[in-house]
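Open the model in your viewer and set it to cartoon. The tour goes from one selection to the next and says what is there at each stop.

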Amino acid sequence: MRMTKIYEGAYQWIMFGRDAHKPEKIIDTNQYMVRTANRCLLIDPGGIELFAPMLAAVLHHAPVEEITDLFASHQDPDIISSLGLWDQALPNAKLHASALWEGFLRHFGCETIEYVPIPDHGGVINLGTTELQIVPAHYLHASANFHIYDPHAKILMSGDVGAALEAPGTPVFVDNFDMHVDKMRFFHQRWMPSNQAKRAWIDRVRKLDIDILAPQHGRMFKGDDVKRFLDWFEALQVGIAV
């Protein structure tokens with residue numbers, strides 16, 4: 001499991017991904033951790049097959065008792081089907097996820113972890129020394145969908161928005177935006193069902209100060225590539241696969 005530190009200040013953001021031992025037909029995913037002095041938030045901690053390497057990777061940075069919070073952007077298995085195993089491993093943790101999806105997500109197993117339902121308008125995750133914003137991203141692609149924005153680190157974890165499906169071992173940051181577009185187009189046209197939802201999200205996100213846009217699949221966008229992505233996504237017609 002590759003680990004990349006993408007922000008370091010009073011706390012850290014770490015990206016996990018590019019697992020060399022991932023089964024061939026399992027989609028590659030990015031997981032993120034926000035590490036404060038004594039707490040950790042895992043963002044989209046991954047599928048059940050990823051639990052063991054993710055736990056081993058996370059323990060390089062924090063003891064298990066300091067993994068206090070999980071966040072699921074939506075309900076897909078590559079996001080959070082590992083929930084039942086985290087439920088057995090974490091003695092004092094909360095899961096921040098959509099109120100709409102609670103009855104569905106509990107099928108993965110959630111007996112010990114406290115489920116904190118997120119209302120449709122979003123909210124905050126308070127990690128003690130820092131506070132993260134939960135940004136609505138409904139219908140991008142799930143009917144209840146959220147992203148995480150850190151105004152201090154200027155990072156937007158954007159779930160499936162900005163995702164690309166690439167070969168194993170690909171770099172973690174986009175290095176040539178024009179060449180990267182072809183890796184994103186089909187994914188967004190097929191999985192994003194609504195131009196109206198897309199425009200609402202772009203209007204909301206353009207008001208944020210973002211240095212890094214960090215999707216759940218593929219490469220992250222940094223600096224001017226964030227605006228290039230927003231411009232490209234705004235012009236792209238989505239929901240046209242049927």
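Begin with two helices: α5 and α7 cross in the right-handed sense. Keep in mind that this is a predicted model.

**Stop 1: α5 and α7**

Select residues 177-191 for α5, and place α7 beside it; the two pack at an angle of about 45°, with their axes 12 Å apart. That angle makes α5 oblique to α7. Now show side chains. On the α5 side the contact is made by F177, V181, M184, R185 and H188, and on the α7 side by D225, R228, F229, W232 and F233. Coloured by class, the residues of this contact come out as six nonpolar, one polar and three charged.

**Stop 2: α6 and α7**

Keep α7 (residues 224-235) on screen and add α6; the axes of these two helices come within 10 Å and cross at roughly 155°. Angles over 145 degrees count as roughly antiparallel, and α6 is therefore roughly antiparallel to α7. The crossing of α6 and α7 is left-handed. To see the contact, pick K198, W201, I202 and V205 in α6, then F229, L230, F233 and E234 in α7. Six of the residues in the contact of α6 with α7 are nonpolar, two are charged and none is polar.

**Stop 3: the six-stranded sheet**

Next, select the strands from β8 to β13. They form an open sheet of six strands in the order β8-β9-β10-β11-β12-β13, and the pairing is mixed. At the edges are β8 (123-126) and β13 (221-222); each has a single partner strand, so one side of each lacks a neighbour in the sheet. Bring back α6 (residues 195-205), which packs on this sheet and touches β9 (131-136), β10 (146-150), β11 and β12. The direction of α6 makes about 150° with that of β9.

Within the sheet, zoom to β11 (residues 155-157) and β12 (residues 212-214). Three bridges pair these strands, in the parallel sense. Label M157 and look across to β12: its bridge partner there is A214.

**Stop 4: the loop between β9 and β10**

Move to the loop between β9 and β10, where H141 lies. The peptide bond joining L140 and H141 is cis, with omega about 5°. Y139 is also placed in the loop between β9 and β10. Its phi is near 70°, a positive value in a residue other than glycine. Is Y139 buried, partly exposed or exposed? With a relative accessibility of 44%, Y139 counts as partly exposed.

**Stop 5: the seven-stranded sheet**

Hide the previous selections and show the strands from β1 to β7. Seven strands make an open sheet, ordered β1-β2-β3-β4-β5-β6-β7, with mixed pairing. The edge strands are β1 (2-8) and β7 (114-118), each with a single partner strand, so one side of each is left without a neighbour in the sheet. From one strand to the next the twist averages 20°.

Start at the β1 edge. A hairpin of three residues joins β1 to β2, and the two strands run antiparallel, joined by six bridges. Along this pair, T4 stands opposite M15 in β2. On to the next pair: β2 and β3 are antiparallel as well, over five bridges. Here F16 stands opposite Q31 in β3.

How many of the residues of β2 are buried? Six of its six residues are, and the strand is mostly covered. In a regular strand the side chains alternate between the two faces of the sheet. Show them for β2: Q12, I14 and F16 point one way, W13, M15 and G17 the other way, and all are buried.

Further along, select β5 (residues 67-71) and β6 (residues 94-98), which run parallel and are joined by three bridges. D69 stands opposite K94 in β6.

**Stop 6: α1 and D44**

Add α1 (residues 51-58). This helix lies across β1, β2 (12-17), β3 (31-35), β4 (40-43) and β5, and runs at about 150° to β2. Finish in the loop between β4 and α1, where D44 lies. D44 is not a glycine, yet its phi is positive, at about 50°. The relative accessible area of D44 is 0%, so D44 is buried.

Key. Residues numbered from 1 in each chain as written. Predicted model: local features only at pLDDT ≥ 70, side-chain atom pairs only at ≥ 80, totals over all residues. Heavy atoms only, no water. Pairing = 2+ DSSP bridges. Helix = DSSP H or I, 4+ residues; strand = E, 2+ residues; numbered from the N terminus. Contact = heavy atoms within 4.5 Å. Axes fitted to C-alpha atoms, helices over the stretch in contact; angles between N-to-C directions. Parallel < 35°, antiparallel > 145°, perpendicular 65-115°, else oblique. Left-handed = near helix turned anticlockwise from the far one by under 90°. Nonpolar A, V, L, I, M, F, W, Y, C, P; charged D, E, K, R; others polar. Buried < 20%, exposed > 50% of the residue type's maximum accessible area, 1.4 Å probe, protein only.
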